[in-house]
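Here's a walk through one chain, from its core out to a few backbone oddities. Keep the viewer open and follow along.

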Amino acid sequence: MFRFPFTRHRRVFKPARPGLGERVSAAVGRARPARRDSKVLASRRDWRLWFGLPAALVVVVAIVVAVIAVRSSSGSESSSTQPSPAPTPPVPSSTPAPTTAPPGVAPPVVSKVPTTDPVVFFTIDDGLVRDPKVADFLERHKIPVTMFLVPEAAMEGEVFFERIQKVGASIQDHTQNHRSLTGLGPGAQQREVCGPVDEFQQEFGRRPWLFRPPNGFYNATTEGAVRVCGLRDIVLWTGATNDGRLDLQHPGGLQAGDIILMHFRPDLLENLQVALDAARGAGLKPAPLEQYLPDR
Ligand SMILES: [Zn+2]
């Protein structure tokens with residue numbers, strides 16, 4: 001039986017990450033000697049004054065180069081036609097995080113697609129309730145949706161999801177077990193994020209490249225895991241449907257590029273109708289998110 005804490009998605013803002021200056025300060029701080037001899041300290045102050053900052057910068061650059069080198073050496077795995085298995089050994093929390101992306105290479109986080117095309121994007125999560133009338137509705141109105149599924153639910157409803165897939169939908173990554181990622185260490189996050197990638201490729205014929213964190217919660221470690229797992233974008237939302245109601249994060253009605261969050265729940269058919277009515281009322285049309293966030 002598939003179980004996980006079922007809560008409505010909420011938008012969350014990630015905490016700011018330390019800037020380069022803070023990293024340099026931290027590096028210099030760690031290098032500080034324990035001895036208190038005044039002459040030595042004075043000379044070390046001079047040393048720090050003239051060489052400390054450049055030296056710290058060199059250390060930071062060396063770390064970045066090392067990370068890039070490690071990634072390049074493992075590139076043959078990720079570009080191979082037979083990707084490496086997702087599970088990896090647990091990583092103790094005391095070791096440096098292997099999945100933390102170096103500065104400047106965090107994946108894009110997309111809540112709204114910057115486009116002037118008259119389009120909106122319907123995204124449907126989890127996969128627990130599979131009402132055939134939903135598939136009928138999507139087929140009848142030719143609505144392409146993006147499905148962020150959890151593997152166990154996806155496999156249980158394979159025929160149902162394949163039917164929706166044929167309308168122009170894609171099946172993307174929503175973690176292995178729908179665990180709250182921010183409470184997990186790097187190894188556990190990587191297993192959660194990488195888990196569905198090979199499985200979906202095998203079952204649905206295409207590797208996912210978009211990622212949505214459960215409940216919208218993520219941190220810098222998640223961003224690193226997304227990169228390591230070969231995914232491209234973190235997808236959030238600007239509107240959500242619940243019990244036949246559409247709530248937007250901005251004033252006014254739906255806007256071009258809005259991403260709407262829905263769930264495979266008993267209220268989905270009603271929510272789809274409400275979202276479609278709102279889109280039509282705003283002169284917008286549901287479009288495939290995958291065309292705007294391609295697997296580049
Ligand atoms: Zn979810």
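Let's start at Val145. Leaving aside residues up to four places away in sequence, Val145 touches Phe122, Thr123, Ile124, Leu138, Ile164 and Ala169. Bear in mind that this is a predicted model.

Val145 also belongs to the largest nonpolar core, a set of 54 residues. Along with Phe121, Phe122, Met147, Leu149, Cys229 and Ile260, Val145 is in the group touching the most other members. Helix H7 (residues 186-204) gives the most to this core, with five residues. As background, nonpolar side chains tend to be buried together in soluble globular proteins.

Zooming out for a moment, the chain has ten helices and ten strands. Of its 296 residues, 32% count as buried. Taking the contacts with a separation of 6 or more, 76% are between residues 24 or more positions apart.

**Helix H7**

Back to H7, then. Does its length fit or clash with what a helix should span? The length agrees, because 19 residues at 1.5 Å a residue should span 27 Å, and the end C-alpha atoms of H7 are 28 Å apart. There is a bend, though: H7 turns by about 25° at Val193, and a proline, Pro196, follows within four residues.

Plenty of H7 is buried, including Pro186, Gly187, Val193, Cys194, Pro196, Val197, Phe200 and Phe204. The buried list also takes in Gln189, Gln190, Arg191 and Glu192. What covers the buried residues of H7? Among the covering elements are H5, helix H6 (158-165), strand S4 (170-173), strand S5 (210-211) and helix H8 (220-228).

One of those, H5 (residues 151-156), holds Glu152. Glu152 is partly exposed because 19 other C-beta atoms lie within 10 Å, while a residue needs 20 or more to count as buried. Glu152 and Gly127 are 25 residues apart in sequence, and their C-alpha atoms are 8.8 Å apart in space.

**Positive phi angles**

A few residues have a positive phi. Here they are together:

| Residue | Where | Phi |
|---|---|---|
| Thr175 | loop between S4 and H7 | near 80° |
| His178 | loop between S4 and H7 | near 60° |
| Gly205 | follows H7 | near 80° |
| Asp243 | turn of the S7 and S8 hairpin | about 50° |

Thr175 and His178 are worth a second look. Thr175 has its positive phi despite being a residue other than glycine, and that description also fits His178. Are these two loop residues buried or exposed? Thr175 counts as buried because it has 26 C-beta neighbours inside 10 Å. His178 counts as buried because it has 24 such neighbours.

**Strands around Gly239**

Asp243 brings us to the hairpin. Strand S7 (residues 239-242) pairs with strand S8 (residues 245-248) in the antiparallel sense, over four bridges. The hairpin they form has two residues between the strands. S7 also runs parallel to strand S9 (residues 259-263), with two bridges joining them.

Which residues are the bridge partners of Gly239? In S8 the partner is Leu248, and in S9 the partner is Ile260. Ile260 takes us back to where we began, being one of the residues that touch the most other members of the largest nonpolar core.

Conventions:
Residues numbered from 1 in each chain as written. Predicted model: local features only at pLDDT ≥ 70, side-chain atom pairs only at ≥ 80, totals over all residues. Buried ≥ 20, exposed ≤ 12 C-beta atoms within 10 Å, placed from the backbone. Core = buried A, V, L, I, M, F, W, Y, C linked by C-beta atoms within 7 Å. Contact = placed C-beta atoms within 7 Å. Expected span 1.5 Å × (residues − 1). Bend = angle between axes of the 7 residues up to and from the residue. Pairing = 2+ DSSP bridges.
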